[in-house]
Amino acid sequence: MRIYFSGISGTGIGPLAEFAQDAGFEVFGSDLQRGAISDELGSRQIDVFYGNQDGSFLQKKYAEGGIDWLVYTSALPKNHPELSLAKELGIKCSKRDEFLAEVIRQKNLKMIAVAGTHGKTTTTSIIIWAMLQLGVPISYLVGSTLGWAKSGIYDVNSEYFIYEADEYDKNFLAYHPYIAALTVVDYDHPDIYPTQEDYNAAFAQFESQSEYVVKNTTLDERINLVGELRRKDANIALEVLRRVTDFDDEKIIEAINRFPGVGRRFEKIANGAYSDYGHHPEEIKATVNMARELKQRDGYNGIAVVYQPHQNTRQHEIRHLYKDAFLGIDRLYWLPTYLTRENPDLDILPPAELINELENPSIAEAAELNDELAIKIKDLLEQKYLVVLITAGPADTWFRNILQ
């Protein structure tokens, strides 16, 4: 089968394209610009067009030998030129969940699906890391770059498929996992789930569709990763690994404790500088907790956070949860909200208004991604501050560039 992926270089679709190629499909696709998975796609010699997705590249690939399925990112509007053309040509179109469910069925894989508002990328990655370290053949998809492995792999010898199951757009409800591993669940994605009850109901349905459910239990004190939330994530991974491998706890925990981390989840960018994907107050608290542990362990003189919120729609829903999210840090630079999939009827909340609701507003100031902020960050690093960027948006690229 020939599969076209629209939005192929992002962390949602890119790993799926890699997985599909390993599974024997002919893979190609397009994106507006290079994304986090672009280098991996290039190393696999996957044909990707970057630029205006006006349908010309799709038409070209269709003329070369047809297209059996177009898989598109949830961010694609319904009137997108590629999606419209594919429908005109009679090409089957779907989001990633329907395509992935079909591949899992074809390959007869047992799904281990990790879901939750926070921690699912880290938990998924710890399971993947440990199973690879233990020599267990696995197939997997994770919504991030890993550094130590590809983001998506199909192994013909694998029994299990490990997956980061995203609740956005109700994607995770397309699956019936062998094991559902549930991390922390807090209300999120108000554009999809109007109320907390709707959100909780989706997770309850996901549990009911799963053969086994694993949740956090008493923390195993033998797990010594930095950060309380990361240790909780590792504990869930431990429970999963106990179910699907024959190794004793000593071997499993030894592998877990060597976990090197994952891209954009408290990822070390340079000495004293870290980047984290957090975009919810509970995730921020967990990241701050990790920073405080690291400050104490390594003797940093202070902690500075650069924060770029994600989605104005989300800010209206969670603004009251910020009040104690940044307690324990010394400086906070609050950037304008990264706007995506917005409700045009909502006023855009400025940084100053959100800062005023903090319990410790005196540490914070509104900032922009500019030379002035870059100079402040470099100066803080010279003063042996721990500087942490927290963003699900483009500030990550800017941060990496100024530290090169």
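1. Two strands are taken as paired if DSSP finds at least two bridges between them, and both strands (E, at least two residues) and helices (H or I, at least four) are DSSP runs numbered from the N terminus. On that basis five strands form an open sheet in the order β3-β2-β1-β4-β5, with parallel pairing. The edges are held by β3 and β5 (92-95), each of which has a single partner strand, so one side of each is left without a neighbour in the sheet.

2. The model is a predicted one, in which local features need pLDDT of at least 70 and side-chain atom pairs count only at pLDDT 80 or more, while totals for chains, interfaces and linings use all residues. Residues are numbered from 1 along each chain as its sequence is written, and side-chain values use heavy atoms, with hydrogens and water left out.

3. Within the five-stranded sheet, strand β2 (residues 26-31) runs parallel to strand β3 (residues 47-50) and is joined to it by four bridges, with F28 standing opposite D47 in β3. Between these two strands the chain passes through helix α2 (residues 38-43), and the β-α-β crossover is right-handed, meaning that, with the strands pointing away from the viewer, the path from the first strand over the helix to the second runs clockwise.

4. Strand β4 (residues 69-72) and β5 likewise run parallel, joined by four bridges, and W69 has K92 of β5 as its bridge partner. Helix α3 (residues 56-65) packs on this sheet, touching β1 (2-6), β2, β3 and β4, and its direction makes about 180° with that of β1; contact here means heavy atoms within 4.5 Å, and angles run from 0 to 180 degrees between N-to-C directions, the axes being lines fitted to C-alpha atoms, for helices over the stretch in contact.

5. A further open sheet has six strands in the order β12-β13-β17-β14-β15-β16, with mixed pairing. Strand β15 (residues 331-334) runs parallel to β16 and is joined to it by three bridges, with L332 opposite A364 in β16. Helix α13 packs on the sheet, where it touches β13 (273-276), β14 (302-308), β15, β16 and β17 (385-391), whereas α14 touches β12, β13, β14 and β17.

6. Helices α13 (residues 371-382) and α14 (residues 395-403) also pack on each other, at an angle of about 60° and with their axes 11 Å apart. The contact involves L373, A374, I377, K378 and L381 of α13 together with W398, F399, I402 and L403 of α14.
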